[in-house]
Amino acid sequence: MAATMMVAEPYELEFDPGTTALLIIDMQRDFVEPGGFGESLGNDVSILRKTIAPTQRVLEACRKQGMMIVHTREGHRPDLTDCPPSKMARGKPARKIGDDGSMGRLLVRGEKGHDIVPELYPKPGEAVIDKPGKGAFYATDLELILRNAGIKTLIVCGVTTEVCVNTSVREANDRGFNCVVLEDCVGSYFPEFQRAGLAMIKAQGGIFGWVSDSAKALKALAA
Ligand code: TIU
């Protein structure tokens with residue numbers, strides 16, 4: 001497929017699916033199902049589940065185009081040596097990172113809660129980036145993988161809008177990648193942060209990137 005256009009804000013985005021990756025941030029049970037890390041921070045996690053269906057449609061369209069697909073997971077080694085003590089202590093939670101939850105140890109690699117929800121589960125050959133922080137580029141090989149594949153544009157989905165999605169988009173933007181965030185494919189525990197998190201990406205002429213939605217992305221990918 002040749003270069004195409006996606007209707008977006010603040011203006012139309014031109015992209016080539018051959019140099020574009022779908023980046024799905026942290027669609028893990030720990031953030032979207034009860035008993036996980038998100039709930040341990042005091043959040044109602046059910047609000048995030050509405051991102052799953054539109055993200056699934058975009059994922060299927062990108063797979064059909066043969067585009068690069070990258071999934072990220074936030075989490076830590078079982079011995080927690082890569083978890084800053086400050087992160088563990090933040091919020092004084094009743095259940096901390098590494099403690100037992102109903103889906104295994106919270107935010108620990110290899111546990112059920114740490115893995116990606118079944119609806120969006122990676123297929124063989126799709127990159128899975130395990131990240132210890134909120135940003136997908138910090139202490140990971142994501143940039144190397146994207147550069148080696150000649151990727152220029154990122155279509156971004158995932159959770160949460162103002163935390164890991166925003167942090168990762170800012171990191172990507174500073175590295176020269178064009179990012180378009182699909183608003184119905186990203187979710188926040190806080191409606192006001194969903195609005196602000198998207199507004200600050202597309203403000204000032206697209207200071208961090210573009211905002212579009214799954215329907216517009218599907219239309220662009222079908223063109
Ligand atoms: N707490 C919250 O909103 N998010 C996170 O801790 N991680 C991600 O956003 N993935």
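How far is a nitrogen atom of the ligand from an N or O atom in the side chain of D26? The gap is 2.7 Å. Keep in mind that this is a predicted model.

## Polar contacts to the ligand

D26 has company here. In the side chain of E74, an N or O atom sits 2.9 Å from a nitrogen atom of the ligand. V159 joins in through its backbone instead: one of its polar backbone atoms is 3.1 Å from a ligand nitrogen. As for burial, the ligand on its own has 290 Å² of accessible area, and the protein covers 93% of that.

## The shell and the pocket

So who else is around? D26, E74 and V159 belong to a set of residues surrounding the ligand that also includes F31, F37, L41, K134, T160, V163, C164 and Y189. Sorted by character, the shell comes out as 7 nonpolar residues, 3 charged and 1 polar.

And which pocket does the ligand take up? The space it fills is the largest pocket.

## Aromatic pairs

Now for the rings. Searching the whole structure turns up 4 aromatic pairs. One of them is Y11 with W210, an edge-to-face arrangement with 5.5 Å from centre to centre and 75° between the planes.

What does this pair tie together? Y11 is in the loop between β1 (4–6) and β2 (13–15), while W210 is in strand β10 (residues 210–212), so the pair links parts that are 199 residues apart in sequence.

Note on methods:
Residues numbered from 1 in each chain as written. Predicted model: local features only at pLDDT ≥ 70, side-chain atom pairs only at ≥ 80, totals over all residues. Heavy atoms only, no water. Near = heavy atom within 4 Å. Polar contact = N/O pair within 3.5 Å; in protein donor to acceptor, adjacent residues only side chain to side chain. Areas by Shrake-Rupley, 256 points an atom, 1.4 Å probe, with all protein chains shown as cover. 1 Å grid on protein atoms, 1.4 Å probe; cavity = no way out; pocket = protein on both sides within 12 Å on 5 of 7 lines; lining within 4 Å. Sits in = over half its atoms within 2 Å of the grid points. Nonpolar A, V, L, I, M, F, W, Y, C, P; charged D, E, K, R; others polar. Phe/Tyr/Trp six-rings, centres within 6.5 Å; stacked < 30°, edge-to-face > 60°. Helix = DSSP H or I, 4+ residues; strand = E, 2+ residues; numbered from the N terminus.
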